[in-house]
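Biologist: Please take one chain of this complex and go through it closely. I am new to this, so explain each term as you use it.

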Amino acid sequence: MNTDVFTPWDDPQAKPLIQFQNVTKRFGEFTAIDNLSLGIFEREFFALLGPSGCGKTTMMRMLAGFETPTEGHILLGGQDIDPIPPNKRAVNMMFQSYALFPHLSVWENIAFGLRRDNIPKHDLEDRVEEMLRLTRLEQFARRKPHQISGGQRQRVALARSLAKAPKLLLLDEPLGALDKKLRQDTQFELMDIQEKTGTTFVIVTHDQEEAMTVASRVAVMDQGQLMQVATPDRIYENPASIYVADFIGDVNIIEGRATSSGEDAYQVDWAEGQAPLTASSSTGFANGQSCHLAIRPEKVTISAERPADAVNVVQGKVHDIAYLGNLSTYHVELANGTIIKAQTANTRRISRRSFTWEDSVWLSWTATAAVLLAN
Amino acid sequence: MRRAVLIAIPYVWLLALFLVPFFIVLKISLSDTALAIPPYTPTLDLSAGWAGIKDFFSQLDLENYVWLTEDDLYWKAYLSSVKIALISTFFTLLVGYPIAYGMARAPQEWRPTLMMLVILPFWTSFLIRVYAWMGILSNEGYLNQILLWTGIISTPLTILNTSTAVYIGIVYTYLPFMILPIYSALERMDGSLIEAAEDLGCSRLQAFWLVTIPLSKPGIIAGCFLVMIPVIGEFVIPSLLGGSGTLMIGKVLWEEFFSNRDWPVASAVAIVLLLILVIPIVLFQRNQQKQAEAEG
């Protein structure tokens, strides 16, 4: 089975469907996109993730054709698309506000793009019906957009943008207007539809959980630059920088100085009078180089007694407990004031919780749990 | 109790300022002319008691309305008014829509100023503005002077006292009534709708035709009614800018009242005018209601 895992980005022969070549976009003095190069492959579900103002929406609008790069080129299937206006591109977009035409019915909204192509009436009707089935909107076809719910509107917008079978579908915060429960259901629906249609999806979102769930690869952006482009698990487990580690999920950052202690192994001196921490890293660090240890809270074990065989052990006091139902995050204050978060699954009922505020506890993690980062 | 009072206020207002005058005019239209003050009979004499009232009602008849159908001046004037109203509404729309569109597309911070500029002429007397147009349009007026000076024409154009001048005056005067509802419809429109239309394969023009126009339709309809309804009864503009050739019912009405002193016929003209106007007013109300439902 492993042979058909979808990883075109690891194949040097594969040619990306979309190529950003040294693209820069300026709005007056402001540089929204700064000399950015990126390849997105066919059938990928690609997520652009970042805080607002990071340039992700500008990237999407350039793909749709509403903005043109100030410098550099964007290629779609090897062809430079910069001079092609939005109405001539094989790219469709699902807008954040959905932008459904309020004067047209659901059916007419979906048919809108197809009508521009002058395709035979029979084919058009078939295609619209197919889209309605795909998005389970059959019984709402005659309604106007204001007569259906937010979740249904979202599906109409998706059906409308998919109707023309674009090479590339852009989704601008597609689930932003939905409540959390509906959003989670819709995420899986989106993945299903992407798989069924085989369309390349590029999604813009500020919600890291959403990006991690739906995407085959995630690009973390900040200030018009790509911080890291990788699969969700690599982004989470092997962040390239503190920014990425901090942006995706929860993380403990410990600052210190690295000393080599064998192949790919380092000792990190992080506080006076404390034993150095051990971490492994494939990137090289010079002796005495300042570094940061990034440790995910769920990889930190919390215990009442000092664990006998642990590589990294620190002692502290429970400062705060965040109870999330299925999980609890313990904020443990070390002797020097540093707060380390440790997460455990609540396998027992809350009344039988092992630790409470002000308890003295031991935190431990393995040598491979932490990621050693230069910056 | 408070509720009843609150509801009563608009009804009393309506009764005092619309229904009572309407019934007075209706009564006059059923009377006969007389050389007296007031210039019609009968007048209600309550001192004669029940017999007086009976006598009063027996003297009312529809002969003025019959007269309106006998003299072709009246129906021609009605028809001509409606025609002028339709044509000038069309031109007002033609001029007003681009202005409203430009305003709605202007940068956010300019919009209050642009709105101000549209409303500003209302701060001057309507009569003075119409007189100003006489100065512009007359044979020796500014327009002719400029055209002669630039060499576009060699003899002055006769515009004043023609129906062209009436159309110019009406379009100028009623333009804000057209601009404001269209502007408010366009301003509310989500800009991403146009982008969505383009994204789905529309050219700019197609997007305008298939999205912008349908979405501003309620504004267009409201603007057209707001212009057409008062223009049908318009009196000042045709009498000041239009010559004797411009036949409008408002002018006929004025002449019946003040030149002929035939109040009953004038009242009949007014009542028929009101009935004609009820049709577009009802249609207008229906449009507004439909729009409210669509938004609700």
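Modeller: What follows is a close look at chain B, from its overall form to its contact and its core.

This is a predicted model: local features need pLDDT of at least 70, side-chain atom pairs count only at pLDDT 80 or more, and totals for chains, interfaces and linings use all residues. Residues are numbered from 1 along each chain as its sequence is written, while chains are lettered from A and ligands numbered from 1 in the order in which they are written.

Start with the elements. Chain B has 13 helices and 2 strands. Both kinds are DSSP runs, numbered from the N terminus: helices are H or I with at least four residues, strands E with at least two.

Next, the dimensions. The C-alpha trace of chain B spans about 80 × 65 × 35 Å along its principal axes. Its radius of gyration, taken over C-alpha atoms, is 24 Å. A compact globule of 296 residues would have one near 19 Å; that rule is 2.2 Å times the number of residues to the power 0.38.

Now look inside. Buried residues make up 30% of the 296 in chain B. Buried means that 20 or more other C-beta atoms, placed from the backbone, lie within 10 Å of the residue's own. Two residues are in contact if their C-beta atoms lie within 7 Å. Among contacts in chain B between residues at least 6 apart in sequence, 71% join residues at least 24 apart.

Then turn to the neighbour. The contact between the chains takes 14 residues from chain B and 17 from chain A. On the chain B side, helix H9 (191–199) and helix H10 (204–232) each supply at least two residues. H9(B) gives the largest share, 6 residues. By class, this side of chain B has 7 nonpolar, 3 polar and 4 charged residues. Ala, Val, Leu, Ile, Met, Phe, Trp, Tyr, Cys and Pro count as nonpolar, Asp, Glu, Lys and Arg as charged, and the others, Gly among them, as polar.

Last come the cores. A nonpolar core is a set of buried Ala, Val, Leu, Ile, Met, Phe, Trp, Tyr and Cys residues joined through C-beta atoms within 7 Å. The largest has 103 residues, including A:Ala47 and A:Val220. Helix H2 (residues 106–116) of chain A gives the most to this core, 6 residues. Apart from it lies another core, of 52 residues, among them B:Ala100, B:Ala222, B:Phe225 and B:Met248. In soluble globular proteins, nonpolar side chains tend to be buried together.

Definitions and conventions. A residue is buried if 20 or more other C-beta atoms lie within 10 Å of its own, exposed if 12 or fewer, and partly exposed in between; C-beta atoms are placed from the backbone.
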